[in-house]
Amino acid sequence: MGIAESILLTIATAATPLLIAALGELVVERSGVLNLGVEGMMVMGAVCGFAGAALTGSAWLGVVAGILAGAVFSLLFAFLTLSIATNQVATGLSLTILGLGLSGMIGESFVGSAGLRLPSLHLPGLSDIPLVGKLLFGQDPIFYMSIALTAGVIWFLFRTRTGLTLRSIGDNHSSAHALGIPVIRYRYLAVMFGGACAGLAGAHLSLVYTPQWVENMTAGRGWIALALVVFASWRPLRVLAGAYLFGAVTIGQLHAQALGLGIPSQLLSSLPYLATVVVLVLISRNRRLTMMNTPASLGRAFVPDR
Amino acid sequence: MRIELVKRPQQSALFSALSPFIALALTLVAGAVMFSLLGKSPVDGIYYYFIDPLREQWSLEALTVKAAPLILIAVGLAVCYSSNNWNIGAEGQFVIGGITGSILPVLVPQFQGPLLLPLMLVMGAIGGALYAAIPALLKTRFNTNEILTSLMLVYVAQLFLDWLVRGAWRDPGGNNFPRTVTFGPDAVLPKILPSQDTANLGIVFALLAAVIVWFLMGRTLKGFEVRVLGASPRAGRFAGFSASKMVFFAFMLSGALAGLAGISEVSGAIGYLQPTISPGYGFTAIIVAFLGRLNPLGIIAAGLILGLTYLGGEAAQISLGLSDKVVRVFQGLLLFFVLGCDTLIHYRVRLAGFGASKAARGV
């Protein structure tokens with residue numbers, strides 16, 4: 001396997017959790033809800049994914065556990081913000097704080113134990129094609145799910161009636177309500193979808209990326225996923241591009257650390273976070289464009305006036 | 001059955017006062033359930049968490065050491081959140097304040113004297129304020145989301161501290177431990193009274209800051225400006241208030257307080273810089289700010305309660321063998337209940353069956 005191929009493979013592995021979590025949050029935000037709890041749901045997915053795999057002996061059941069954990073955990077946020085109209089920013093933050101605490105507690109007995117790795121795809125012949133074989137036919141199953149998810153979200157949001165309805169709720173929840181659309185029900189489902197995606201992204205971290213459980217192992221990826229949604233101006237394809245850009249930055253700095261160029265490793269480790277800030281600045285400076293793309297009801301509480 | 005919210009004509013004064021207490025009671029119940037699930041007696045759990053640390057002089061002093069940074073940071077955050085500026089990077093501003101405040105004792109250790117400590121505190125506050133000015137600048141100049149930028153800068157600050165104590169600032173005589181030289185005697189935040197073991201001036205700063213900000217918010221035009229711009233930026237503009245100046249004011253005030261908390265912690269509780277100088281004070285302070293209902297005097301009480309959870313966590317770990325992770329779960333649950341109970345202030349909550357809700361609609 002050539003060095004270029006292995007670098008591209010690791011970039012895809014680093015990008016996949018960002019892509020999945022950001023796609024989920026994109027659908028949530030398109031419905032007009034801002035869930036800042038991505039980091040918390042992701043870390044819950046990571047710990048439950050790891051625990052599920054360790055307890056059942058099946059990495060696949062671990063993936064299922066991760067998805068379920070994210071979706072169930074997101075219900076807490078959904079109940080507070082949608083049913084009893086709490087502040088979305090503060091509630092999202094508390095989901096992250098609780099998720100980081102709860103995952104530490106659940107995972108305590110798993111620290112240091114060897115994990116299961118979700119096996120990569122192997123198609124005899126196809127996976128062995130030089131250069132592109134492994135990239136196209138030899139990656140982990142969640143990578144393929146992430147690509148399918150991108151296509152699925154594009155199709156759902158822009159090619160189905162339900163997707164159109166969801167977007168209309170995100171742009172004007174009062175009008176949607178007046179038209180008889182069950183705003184709260186749509187938003188519940190959107191938030192749970194976002195939670196399931198964040199859970200899957202977390203399970204990818206603890207079952208593929210680094211098959212082990214380490215406290216706070218998401219290391220801000222949930223927040224980067226949130227930034228990706230803004231960066232992508234709420235478009236799924238741009239989320240894909242952004243996730244791979246960030247994957248490249250992450251892997252690039254790891255390689256630079258390995259080469260030992262005399263650059264402090266801490267500076268290199270902070271590159272993904274600094275890149276997030278820079279990218280956000282570049283994309284947000286055009287005030288008009290941002291305003292046009294942002295779902296108009298984003299973050300605003302909705303209480304049906306019966 | 002479903003939940004219906006009916007908007008109150010005006011905020012309920014009763015629930016404004018009661019909601020933090022309801023939230024605390026619910027957290028205790030949830031905590032008791034959690035202790036039972038972990039196979040411990042709920043009574044013992046609650047006892048070690050919330051009562052045992054209050055029984056001895058030394059642990060009451062330790063409580064002030066834990067509560068001081070929480071109160072200092074949360075008071076600043078209250079100004080931010082009241083003005084609708086979402087600074088969630090106080091943890092980073094705390095770390096930077098700890099670093100800039102330590103410049104003199106680490107780089108110029110021969111400099112001693114009564115001027116040293118005040119200079120350190122001022123430098124810590126300035127460092128925190130300048131670090132908080134970055135998200136403020138990006139928000140006002142480039143319209144960048146301050147939630148994400150302030151949070152990203154937390155990671156950057158932590159890595160910067162890590163680099164300093166392992167590299168340029170490492171104590172050459174420290175057996176390769178990643179830490180700076182121990183501060184000289186004049187660089188250490190003194191105890192409130194010489195007879196005390198742990199309680200240092202940090203809690204005095206915290207109480208002073210809370211009272212000053214309480215006065216600022218409730219009794220001055222600036223406080224009015226904060227609240228108007230927070231409630232309605234449009235109304236604020238008509239009143240002639242500048243929204244972007246407010247962004248800088250709120251961020252830099254809270255950054256300065258977080259920075260002051262940082263250097264107070266380093267100088268008063270640790271005595272040198274090391275890779276980690278905070279057990280998440282900057283994030284826990286968010287909970288403190290909300291539990292105190294963004295009121296500086298309420299925040300004093302809230303800071304003591306959250307400080308108690310840190311101590312109680314240690315007590316329960318020693319006495320019951322409970323994981324120290326339980327503390328963060330407690331804190332997270334508390335914030336959930338606080339936010340949920342605040343709904344009662346603005347809405348009447350009605351549990352409606354299908355029939356009842358139809359009747360309410362007049363169908």
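This report describes the contact between two chains, the confidence of one of them, and one pair of packed helices.

The model is predicted, so local features are taken at pLDDT of at least 70 and side-chain atom pairs at pLDDT 80 or more, while totals for chains, interfaces and linings use all residues. Residues are numbered from 1 along each chain as its sequence is written, and chains are lettered from A in the order in which they are written.

The model scores ipTM 0.90 and pTM 0.92. Chain A and chain B each give 43 residues to their contact, where two residues touch if their C-beta atoms, placed from the backbone, lie within 7 Å. On the side of chain A, helix H4(A) gives the most, with 12 residues; helices are DSSP runs of H or I with at least four residues, numbered from the N terminus.

In chain B, the pLDDT, which is the predictor's confidence in each residue from 0 to 100, averages 89, and 96% of the residues score at least 70. The two extremes among the elements of chain B are set out here.

| Element | Residues | Mean pLDDT |
|---|---|---|
| helix H4 of chain B (highest) | 90-101 | 97 |
| helix H15 of chain B (lowest) | 354-361 | 46 |

Over residues 355-363 of chain B the pLDDT is below 50. Where pLDDT is low, the predicted coordinates should not be read in detail.

Helix H6 (residues 116-142) and helix H11 (residues 243-270) of chain B have axes that come within 6 Å and cross at roughly 145 degrees, with axes fitted to C-alpha atoms over the stretch in contact and angles running from 0 to 180 degrees between N-to-C directions.

Notes
Helix = DSSP H or I, 4+ residues; strand = E, 2+ residues; numbered from the N terminus.
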